[in-house]
Amino acid sequence: MGGLFGRAALRGLRCGLHAPGPGLLARTCSGDSEPSSFKGGPSWTRERTLVAVKPDGVQRRLVGDVIQRFERRGFKLVGMKMLQAPESVLAEHYQDLKRKPFYPALISYMSSGPVVAMVWEGYNVVRASRAMIGHTDSAEAAPGTIRGDFSIHISRNIIHASDSIEGAQREIQLWFQSSELVNWADGGHPSSVYPA
């Protein structure tokens, strides 16, 4: 096999999946001898991210639309629950915004109704999720993104998705017990597009 795909397939045969913790699965391979130009190529790192449909998204019956978009993109749902978010969880989740003038209104809004929290898994899911949801401000969100299609105001923007791998790990541990995440194999699925 030649070219980029051939090298990736051969590398996949030599490497195994290792689970460093509940928040992230990473493909690792010791003794890599790939040229540096290949190492800078596409990443096949399997990640997990937190996605939460906010109270306005739940009230507007958009949970199914959100799930459908992530499934169609090829991501795998490994955890989901509906809950009335406790203030303690919200305070920790939004800890970096505590000094902002809108913080009290944000906490009030996020605790005003149920939230549907989900953990999605897939290759580059953190970055892809952010692109899928669109800009925070609905006026800036591109058509075709979740916020571009559904959001009506910056303070009612439907959805949250982790902004980094580290942030995703922190948020997943905040919102989910490890026992609430399901590791399941989808390799037999006919539409599986990821390397084994």
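## Helix α7 and the sheet

Q: What do the buried residues of α7 pack against?
A: In this predicted model, they pack against β3 (46-53), α4 (63-72), β5 (115-123), α8 (146-150), β6 (159-161) and α9 (165-175).

Q: What makes residues of α7 such as Val125 and Met132 count as buried?
A: The cut-off is under 20% relative accessible area. Val125, Val126, Ala128, Ser129, Met132 and Ile133 are buried in α7 (residues 125-133), so each of them falls under that cut-off.

Q: How do you know that these buried residues are on the same side of α7?
A: Their arc around the axis is only 165°, which puts them on the same side of the helix. On the other side of α7 sit Arg127 and Ala131, which are exposed; exposed takes over 50% relative accessible area.

Q: Why are β4 and β6 said to stand at the edges of the sheet?
A: Let's start with the strand order, which is β4-β5-β3-β6 in an open sheet of 4 strands with antiparallel pairing. β4 (76-83) and β6 each have a single partner strand, so one side of each lacks a neighbour in the sheet. On average, neighbouring strands of this sheet are turned by 20° against each other, direction ignored.

Q: How do you know that β3 and β5 pair?
A: Pairing needs at least two bridges between the strands. β3 and β5 have 8 bridges in the antiparallel sense, so they count as a pair. One of the bridge partners in β5 is Ala117, matched with Ala52.

Q: What makes α9 a helix that packs on the sheet?
A: α9 touches β3, β4, β5 and β6, and its direction makes about 60° with that of β3.

Technical notes: Residues numbered from 1 in each chain as written. Predicted model: local features only at pLDDT ≥ 70, side-chain atom pairs only at ≥ 80, totals over all residues. Heavy atoms only, no water. Buried < 20%, exposed > 50% of the residue type's maximum accessible area, 1.4 Å probe, protein only. Helix = DSSP H or I, 4+ residues; strand = E, 2+ residues; numbered from the N terminus. Arc of directions from axis to C-beta. Contact = heavy atoms within 4.5 Å. Axes fitted to C-alpha atoms, helices over the stretch in contact; angles between N-to-C directions.
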